[in-house]
Amino acid sequence: MPQVQVLHQEFTDNPNVVILAMNVGDENEKMATWWKQKKYGFRTLNDADKMVEIYGIKAFPSTVLIGPDGKVIKTSIGSAHTLKRTLNKELEKTAREKRSVDRK
Amino acid sequence: MKKTKSFLVAICLAVATASSTYAQAPDPIKSAKELLTPSANPVVNVGAIVQVDMDMMGSQDNEVKTVGMVVDPSGLTVVSRSALNPHGYEPRTVEVGPGMEMTIETEMTSVWLQLADGKRIDAEVVLTDPDLDLSFLRPIKPEDAKKLGLTPAQLKASADTASLLDTTIVLSRLGKDAGWAPAVRLERIAAVLETPWRSYAINAKPGETVFTAAGRVLGIVVVLPPSDGSKSQGSPMGGGAPMMAGGSTVVLPVSQFRGLIDQAKSKPSGEGKRMPKSKGAAKSKETVERISGATVGGSSAASNPLKGMLDKMIKPGTDAPTFSLLDEDGKQHSLGDYRGKYVLLDWWGIW
């Protein structure tokens, strides 16, 4: 089960956050059926297997947080709680910066 | 005869004047009783919810209780920073098994001033000073300050020095079971310290307010930072905090943080670390989650599995490798499509 399920409820309505499930090791059809039943509200990508090596994923679940500039901000294995905190802080920071720009 | 009488009266008058000018040492018990009245007592109970996040284990909410000194009619309250979060502020790594490490981070999700009638006044942290071990809190709603019913400490009349073995009055507050009642006791200055700053070692708890025997405010009790800078020792639940690491409690004289109070007063609301409204309070302890532990590619770092796995993952700060993959509906997604947004990649499998 995707760990991000915990996160998606918090971020699914946020236009600044995109959640992508990277499916590894399942047949595409089987996975698609299962995924649609679950109605998680975000997309799962097929054949993420080939990215596993490149991202250095060694355990499941694992989560990678990428910033607006395309750089990795944080990674986690297992519970994504610390990652959730990091993302919340980032979003707050962005909102604050936006506010101060608007004021000018 | 007449002359003698008036001479005697003169002597009596002289003695009376002398005894009031050269008064005996002030009576600390009398002063202490006066300080306990609401119109003089600046000590308030303070509570906080600290969320402790542990990599690979989920998070847990802990309620923290301490006391602080009200320093301004706005309800501005100073507390010992380390007492407000005994779990430590800095992320730290502890060894949880042979060769296995875990990162622990904490976050204060709410903080409040606790009234004697059980009501809470939501507050926010407006200023902190890790070196002096101080944090300043202020009610989020300015009108709440009146509900406090406490008088700010008379800082203008503070006594900034004390001597070894001086009797001092320590004001505190008891816990919930005791109805948050004010409490007082006498303690003597055990040592006068000059480093890292002038302070007075005393047997007291962080956040308590200390007065001289004459009832003038001397300062607030804080925890001296450990001089060796040691951070990551002890148990996962609070070993890194100075208090747990055996830091000494000292009175920090008002003169050392008068400037900070002025700074804290002028901090506009919301620009400090704003606390979400006590959402953590109702949240139950989350169950401990563990990783499923499946490995990919057959490689396993036998002696140090988790750390080994984390080490191999892509490093923060590097460019995330791009990809272009189809989703469950056959729609294509590239990482590049999402420039300008935060992207969470969740690696999973149903198997």
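Ser62(A) stands opposite Trp347(B), a residue of strand S17(B), and this cross-chain pairing is a good place to start reading the predicted model. Another pair belongs to the picture: Ile66(A) has Val343(B) in S17(B) as its bridge partner. Strand S3(A) and strand S17 of chain B, residues 342-348, run antiparallel and are joined by five bridges.

**A sheet shared by two chains**

Let us step back to the sheet around these strands. Five strands make up an open sheet, in the order S2(A)-S1(A)-S17(B)-S3(A)-S4(A), and the pairing is mixed. S17(B) thus sits between S1(A) and S3(A) in that order. Which strands stand at the edges of the sheet? They are S2 and S4 of chain A; each has a single partner strand, so one side of each is left without a neighbour in the sheet. On average, neighbouring strands here are turned by 20 degrees against each other, direction ignored.

**The contact between chains A and B**

The shared sheet leads on to the contact as a whole. Chain A brings 58 residues to the contact and chain B brings 49 residues. On the side of chain A that touches chain B, at least two residues come from each of these elements: helices H1 (4-11), H2 (28-38), H3 (49-55) and H4 (81-103), and strands S1 (17-23), S2 (43-45), S3 (62-66) and S4 (72-77). S1(A) gives the most to this side, with seven residues. Sorted by class, this side of chain A holds 32 nonpolar, 17 polar and nine charged residues.

**The two chains next to each other**

Chain A has its elements in the order α-β-α-β-α-β-β-α, counted from the N terminus. The table sets out some values for both chains.

| Property | Chain A | Chain B |
|---|---|---|
| Helices and strands | four helices and four strands | seven helices and 17 strands |
| Buried residues | 40% of the 104 residues | 37% of the 351 residues |
| Contacts with a separation of 6 or more that join residues at least 24 apart | 39% | 66% |

**The seven-stranded sheet of chain B**

Chain B has a sheet of its own to look at. Seven strands in the order S9-S8-S12-S13-S14-S11-S10 form this open sheet of chain B, with antiparallel pairing. Strand S9 (182-188) and strand S10 (191-193) of chain B stand at the edges; each has a single partner strand, so one side of each is left without a neighbour in the sheet. The average turn between neighbouring strands of this sheet is 30 degrees, direction ignored.

Within the sheet, strand S8 (residues 167-173) of chain B pairs with strand S12 (residues 209-212) of chain B over four bridges, in the antiparallel sense. Here Thr168(B) stands opposite Thr212(B) in S12(B).

Two helices of chain B pack on this sheet. Helix H2 (residues 28-35) of chain B touches S8, S9 and S12 of chain B, and its direction makes about 25 degrees with that of S8(B). Helix H5 (residues 254-266) of chain B touches strand S13 (217-223) and strand S14 (249-253) of chain B, and the direction of H5 makes about 65 degrees with that of S14(B).

Which residues of H2(B) are buried? They are Pro28(B), Ser31(B), Ala32(B) and Leu35(B). Seen down the axis of H2(B), these buried residues fall within an arc of 100 degrees, so they line one face of the helix. An α-helix has 3.6 residues a turn, so residues three or four places apart point the same way. The buried residues of H2(B) pack against S8, S9 and S12 of chain B.

**Nonpolar cores**

Finally, the cores. The largest nonpolar core has 59 residues, and Phe136(B), Ile202(B), Val210(B), Val222(B) and Val251(B) touch the most other members. Strand S1 (residues 43-54) of chain B supplies the largest share of this core, eight residues. Ile202(B) has contacts that include Thr168(B), Glu187(B), Ile189(B), Val210(B), Val221(B) and Val251(B), leaving aside its neighbours within four places in sequence.

A second, separate core of 34 residues includes Leu20(A), Val64(A) and Ile66(A) together with Leu345(B). That brings us back to the starting point, as Ile66(A) is the bridge partner of Val343(B) in S17(B).

Note on methods:
Residues numbered from 1 in each chain as written. Chains lettered and ligands numbered in written order. Predicted model: local features only at pLDDT ≥ 70, side-chain atom pairs only at ≥ 80, totals over all residues. Pairing = 2+ DSSP bridges. Axes fitted to C-alpha atoms, helices over the stretch in contact; angles between N-to-C directions. Contact = placed C-beta atoms within 7 Å. Nonpolar A, V, L, I, M, F, W, Y, C, P; charged D, E, K, R; others polar. Buried ≥ 20, exposed ≤ 12 C-beta atoms within 10 Å, placed from the backbone. Arc of directions from axis to C-beta. Core = buried A, V, L, I, M, F, W, Y, C linked by C-beta atoms within 7 Å.
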